[in-house]
Amino acid sequence: MKKLFPLQHVMGYVSSLVLSIVALTVLFFDMTYVMQMTVLFVCAIIQMSVQLFVFMHIGETGSKTSLYTNIAYALFVGLVTIFGTLFTMIWGYQ
């Protein structure tokens, strides 16, 4: 029965919820801007690690080349999306 219960996934889910709640508390407490960004950045890094290692099974693959290629591609797509949004919405592309 112990093998059938996905303890690692449940713990990952619970830790994701806790990290989301911690990130949400930034709105309700009177903190400086630097402190808010620090809390959000640390929560984002931990959340990314939980997602990669628990839910995406990043440590269980045999081929490291395809693993790093997929991570690099995901980072590229994420950065293009972020900077593309900033370029069109804030920096005044016309």
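**Helix surfaces and a pocket**

Trainee: Where is Tyr13 found?
Mentor: Keep in mind that this is a predicted model. Tyr13 is found in helix 1.

Trainee: Does Tyr13 count as buried or exposed?
Mentor: Exposed needs over 50% relative accessible area. Tyr13 has 53% relative accessibility, so its class is exposed.

Trainee: How far apart in space are Tyr13 and Val50, C-alpha to C-alpha?
Mentor: In sequence, 37 residues separate Tyr13 and Val50. In space, C-alpha to C-alpha, the distance is 8.8 Å.

Trainee: What is the area of the nonpolar surface patch that includes Tyr13?
Mentor: Tyr13 shares this patch with Phe5, Leu7, Val10, Met11, Val14, Leu17, Val18, Val22, Phe55 and Met56. Together they make a nonpolar surface of about 1000 Å².

Trainee: Which helix gives the most to the nonpolar patch?
Mentor: The top contributor gives 8 residues. It spans residues 7-28. That is helix 1.

Trainee: Val18 is in the patch too. What does Val18 count as, by relative accessibility?
Mentor: Val18 lies in helix 1. Over 50% would be exposed, and under 20% would be buried. Val18 is at 46%, so it counts as partly exposed.

Trainee: Val26 is also in helix 1. Does Val26 count as buried or exposed?
Mentor: The cut-off for buried is under 20%. Val26 has 6% relative accessibility, so it counts as buried.

Trainee: What distance separates the C-alpha atoms of Val26 and Val39?
Mentor: Along the chain, Val26 and Val39 are 13 residues apart. Their C-alpha atoms are separated by 7.6 Å.

Trainee: Now the largest pocket. Which residues lie nearest its centre?
Mentor: The largest pocket has a volume of about 290 Å³. Its lining counts 14 residues. Nearest the centre lie Leu52, Met56, Asn70, Ile71 and Ala74.

Trainee: Which helix gives the most to the lining of the largest pocket?
Mentor: Two elements give two or more residues to this lining: helix 2 (33-55) and helix 3 (64-89). The top contributor supplies 6 residues. That is helix 3.

Trainee: How many charged residues are in the lining of the largest pocket?
Mentor: Sort the lining by class. Nonpolar residues number 8, and polar residues 6. The charged count is none.

Trainee: Met89 is in helix 3. What distance separates the C-alpha atoms of Met89 and Ile45?
Mentor: Met89 counts as exposed, because its relative accessibility is 67%. Met89 and Ile45 are 44 residues apart along the chain. Their C-alpha atoms are separated by 25 Å.

Key: Residues are numbered from 1 along each chain as its sequence is written. This is a predicted model: local features need pLDDT of at least 70, side-chain atom pairs count only at pLDDT 80 or more; totals for chains, interfaces and linings use all residues. Side-chain values use heavy atoms; hydrogens and water are left out. Patches are made of residues with over 30% relative accessible area and no salt bridge: like charges are joined within 9 Å, nonpolar side chains (Val, Leu, Ile, Met, Phe, Trp, Tyr) within 5 Å. Accessible areas come from the Shrake-Rupley method with a 1.4 Å probe; for residues, only the protein chains shown count as cover. A salt bridge is a side-chain nitrogen of Lys or Arg within 4 Å of a carboxyl oxygen of Asp or Glu. Helices (H or I, at least four residues) and strands (E, at least two) are DSSP runs, numbered from the N terminus. Buried means under 20% relative accessible area, exposed over 50%, partly exposed in between (1.4 Å probe, protein chains only). On a 1 Å grid over the protein atoms alone, a cavity is a set of points where a 1.4 Å probe fits but cannot get out, and a pocket is an open set with protein on both sides within 12 Å along at least five of seven lines; lining residues have an atom within 4 Å of a point. Grid points are joined across faces, edges and corners, and a volume is the space filled by probe spheres set on the points. Ala, Val, Leu, Ile, Met, Phe, Trp, Tyr, Cys and Pro count as nonpolar, Asp, Glu, Lys and Arg as charged, and the others, Gly among them, as polar.
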